[in-house]
Amino acid sequence: TVRLLPSTRYVPLRLHCVRLLQQLAAAAEVFLPTTSILLDMIDLKELSQPPKKVNKSNVQPLALTLRLRADDPLRTMEEQE
């Protein structure tokens, strides 16, 4: 899974797999080499390129409305006792 597709899309998955391997190695008290996996991610060409410019005229603002409802009104700890 870690070396299957060399793409920036799977960098979080790779990091998660490396973390799991390191935890497994620590629990089993053995050495598992994970540095090559981490170094392979540094060589990805998408990470070395500058970020793309975004045309602000095409970007739509996000609608971030938040509504919270509670069945019971919130009470302090003193009122609940």
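**A walk through a four-helix chain**

Let me begin with Leu 24, which is exposed, having a relative accessible area of 52%, just where one might look at the surface, because anything over 50% counts as exposed. This residue sits in helix α1, and I should say straight away that what we are looking at is a predicted model.

Leu 24 does not stand by itself on the surface, since together with Leu 21, Val 30 and Leu 32 it makes up a nonpolar patch whose accessible area comes to about 310 Å².

Let me step back to the whole chain for a moment. It has 81 residues, of which 12% count as buried, and its secondary structure consists of four helices with zero strands, so that reading from the N terminus the order of elements is α-α-α-α. The accessible surface of the chain is about 8100 Å², and carbon and sulfur atoms account for 58% of that area. If we take the contacts between residues at least 6 apart in sequence, 47% of them join residues that are at least 24 apart.

How far does the confidence reach? The mean pLDDT of the chain is 78, with 78% of the residues at 70 or more. Confidence is highest in helix α1, residues 11-28, where the mean is 91, and lowest in helix α4, residues 77-80, where the mean is 58. Where pLDDT is low, the predicted coordinates should not be read in detail.

Now to the loop between α1 and α2, where I would like to set two residues side by side. Glu 29 is found in this loop, with α2 itself covering residues 35-42, and its phi is near 55°, a positive value in a residue other than glycine. With a relative accessibility of 73%, Glu 29 counts as exposed, because the cut-off for that class is over 50%.

Thr 34 also has its place in the loop between α1 and α2. Is Thr 34 buried or exposed? Its relative accessible area is 6%, and because buried means under 20%, Thr 34 is buried.

What, then, is Thr 34 in contact with, once its neighbours within four places in sequence are left aside? The residues are Val 18, Leu 21 and Gln 22, and with Gln 22 there is also a polar contact of 3.1 Å between the two side chains. Leu 21 brings us back to where we started, as it is one of the residues that form the nonpolar patch along with Leu 24.

Note on methods: Residues numbered from 1 in each chain as written. Predicted model: local features only at pLDDT ≥ 70, side-chain atom pairs only at ≥ 80, totals over all residues. Heavy atoms only, no water. pLDDT = per-residue confidence, 0-100. Patch = residues over 30% accessible without salt bridge, like charges linked within 9 Å, V, L, I, M, F, W, Y side chains within 5 Å. Areas by Shrake-Rupley, 256 points an atom, 1.4 Å probe, with all protein chains shown as cover. Salt bridge = Lys/Arg side-chain N within 4 Å of Asp/Glu carboxyl O. Buried < 20%, exposed > 50% of the residue type's maximum accessible area, 1.4 Å probe, protein only. Contact = heavy atoms within 4.5 Å. Polar contact = N/O pair within 3.5 Å; in protein donor to acceptor, adjacent residues only side chain to side chain.
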